[in-house]
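Trainee: Before I use any of these labels, I'd like to hear how each one is earned. Can we go through them one at a time?

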Amino acid sequence: MLSKKEDARHQIEFVSIDQLVPQDHLLRKIEKVIDFSFIYDLVKDKYSEGHGRPSIDPVVLIKILFIQYLFGIPSMRRTIAEIKTNVAYRWFLGYGLTEEIPHFSTFSQNYIRRFKGTDIFEKIFTKILEEAIKHGLVNAEEVFIDSTHVKASANKKKYTKEIVEQEARTYQEKLEEEINKDREAHGKKPLKKIKKIKTKEVKVSKTDPDSGMLNKNGKEKIFAYSFHTACDKNGFVLGVKVEAANVHDSVMFQEVLEEVEKRVRKPKAIAVDAGYKNPYILKTIFDRQIIPAVPYTRPKTKDGFMKKHEFVYDEYYDCYICPQNEILTYVTTNREGYREYKSNPEKCKNCPLREKCTQSKDYTKRIFRHIWEGYVEEAEHLRHTPYCKEVYERRKETIERVFADLKEKHGLRWTTLRGKEKLSMQAMLVFAAMNLKKMALWLWRKGKGPFDISKLYPLFGVLKKILSRYIQPLLSVLRKQGLKFCFVNKL
């Protein structure tokens, strides 16, 4: 029978907004696991007491941002438009059905006047992480560190070329000290400090000077930022640092690790990709008594030539032994921290492996070994252990998944904000939203929802056993005897 729906668009009903939000809605789960009133203590010194016009509730401002990042809404203007028509969003903010929602420029003005230059957003991130730790959801025994690029709000064609001073390595002083100690141990004079300033040419965006030109093989050259991130084995983000995309991953490693140790604890193992596999980072990890889980890296030697690992290093005599059992002796330690070992040209001249060994015109094979090379070799040795293999294998399930969710589900494949400080604020809040979402869903599944169905699971098990052991055999016998009962047929 064809029927037509009556138009109820103008029907007046008495209903509370709480009745309209489903009990299993994500925002209900979030509201259940955390009390947002802690924000008042963080911002109370940013507002005057008893003077001026009434402000927008600061908890509402932060919740609006959480709505934007939880549901991957691309802009604040769009977020406010969604809140106006979404009952669940209004319920989360504590607004009625007809109550006016703040203007989309409200947060940006509050950021400029109150929150800029503060650590409020970092404290919000830390508070949510502490709640997850309190519930026993964070397992930082193994930590996964990596970075991902987020496209900046800047035109890649609008830039200026500038000559800037090349930043010294963060560990330069420590390296120079180790180099001079090594030279003295070998009977060499210590190197004098050179005050020469190294420069380089960089492209600086006219739109967002804080961003950096991303120049990776196979990728489009764009201005971008790098989000250097650490997470645990359950996918909870433990720390994040924002830097221009042209800053190498290894530069930010120690800062990210210190963030993890400050917020949680020192991990047992750290899994990193090949970009972090350098002598200083591995020395840092080993010095902190942490196990590194690193990948295999292919030798950079040309095809057809003998690889460095084919030459055996003798630590006691500090020399290399070639496949023909000839010795490569120590010569010097250069400013980059590499020891140089050189062969005897008279013996190499008529060597049958010379064509595969070196193309040097003076018939001399040279091998360079970093003064911290031992840490790399130890990490390479540990790479083959079952534990390190298992830890590194989980990278794709942890930090890589965090980055995938960040871009696909939470709208941060690119950013509309400009400046490193604003991007740091955004990174903290997006990762805080991701941690909050994960915590709410996990606790809900554990039975912290309005109705704890998990308590009925043992009862279901007992009923199943009774049914299979007693009821079903009895029904089979009754059916064979031709007895028919209504309840029997239904069962």
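Mentor: Let's go through helices, cysteines, salt bridges and empty spaces in turn.

Mentor: This is a predicted model, so local features need pLDDT of at least 70 and side-chain atom pairs count only at pLDDT 80 or more, while totals for chains, interfaces and linings use all residues. Residues are numbered from 1 along each chain as its sequence is written, and side-chain values use heavy atoms, with hydrogens and water left out.

Trainee: Which residues of helix H7 are buried?

Mentor: In H7, residues 106-115, they are Thr-106, Phe-107, Asn-110, Tyr-111 and Phe-115. Buried means under 20% relative accessible area, exposed over 50%, and partly exposed in between (1.4 Å probe, protein chains only). The helix itself is a DSSP run (H or I, at least four residues; strands are E, at least two), numbered from the N terminus.

Trainee: Why do we say the buried residues of H7 line one face of the helix?

Mentor: Seen down the axis of H7, they fall within an arc of 130°, so one face is the right description. The arc is taken from the directions that run from the helix axis to the C-beta atoms. On the other side of H7, Ile-112 and Arg-113 are exposed. After H7 comes Gly-117, with a positive phi near 80°.

Trainee: On to the cysteines. How many disulfides does the rule give?

Mentor: The count is 0. A disulfide here is a pair of cysteine sulfur atoms within 2.5 Å.

Trainee: What makes Cys-319 fail that test?

Mentor: Its closest cysteine sulfur is in Cys-322, 11 Å away, and that is too far for a bond. Cys-322 has its own closest cysteine sulfur in Cys-351, at 6.1 Å, also too far for a bond.

Trainee: Are Cys-319 and Cys-322 buried or exposed?

Mentor: Cys-319 is buried, with a relative accessible area of 8%. Cys-322 counts as buried too, at 13% relative accessibility.

Trainee: Now the charged pairs. What makes Glu-258 and Arg-288 a salt bridge?

Mentor: The rule asks for a side-chain nitrogen of Lys or Arg within 4 Å of a carboxyl oxygen of Asp or Glu. In this pair the closest N and O atoms are 3.7 Å apart, and the pair forms a salt bridge. Glu-258 lies in helix H10 (residues 249-263) and Arg-288 in the loop between helix H11 (279-287) and strand S8 (291-293), so the bridge ties together parts that are 30 residues apart in sequence. As for exposure, Glu-258 is at 39% relative accessibility, which counts as partly exposed.

Trainee: What is the N to O distance for Lys-396 and Glu-393?

Mentor: It is 2.5 Å, and their side chains meet in a salt bridge. Lys-396 is partly exposed at 48%, and Glu-393 is partly exposed at 47%. Elsewhere, salt bridges that share partners join Glu-122, Lys-241, Glu-259, Lys-262 and Arg-263 into one network.

Trainee: How about Glu-377 and Arg-369: which of them is buried?

Mentor: Arg-369 is, at 6% relative accessibility, whereas Glu-377 at 38% counts as partly exposed. Their closest N and O atoms are 2.7 Å apart, and they form a salt bridge. The structure holds 37 salt bridges.

Trainee: Last topic, the empty spaces. What makes something a cavity and not a pocket?

Mentor: On a 1 Å grid over the protein atoms alone, a cavity is a set of points where a 1.4 Å probe fits but cannot get out; a pocket is an open set with protein on both sides within 12 Å along at least five of seven lines, and lining residues have an atom within 4 Å of a point. The search finds 2 cavities of 30 Å³ or more.

Trainee: Which residues are closest to the centre of the largest cavity?

Mentor: Of the 16 that line the largest cavity, those are Cys-322, Gln-324, Cys-348, Cys-351 and Cys-357. Helix H12 (345-348) and helix H13 (354-357) each supply at least two residues of that lining.

Trainee: And which residues line the second largest cavity?

Mentor: Leu-61, Ile-64, Met-76, Ile-80, Pro-102, His-103, Phe-104, Thr-106 and Phe-107 line the second largest cavity. Helix H4 (58-70), helix H5 (76-85) and H7 each give two or more residues to that lining.

Terms used. Points joined across faces, edges and corners; volume = space filled by probe spheres on them.
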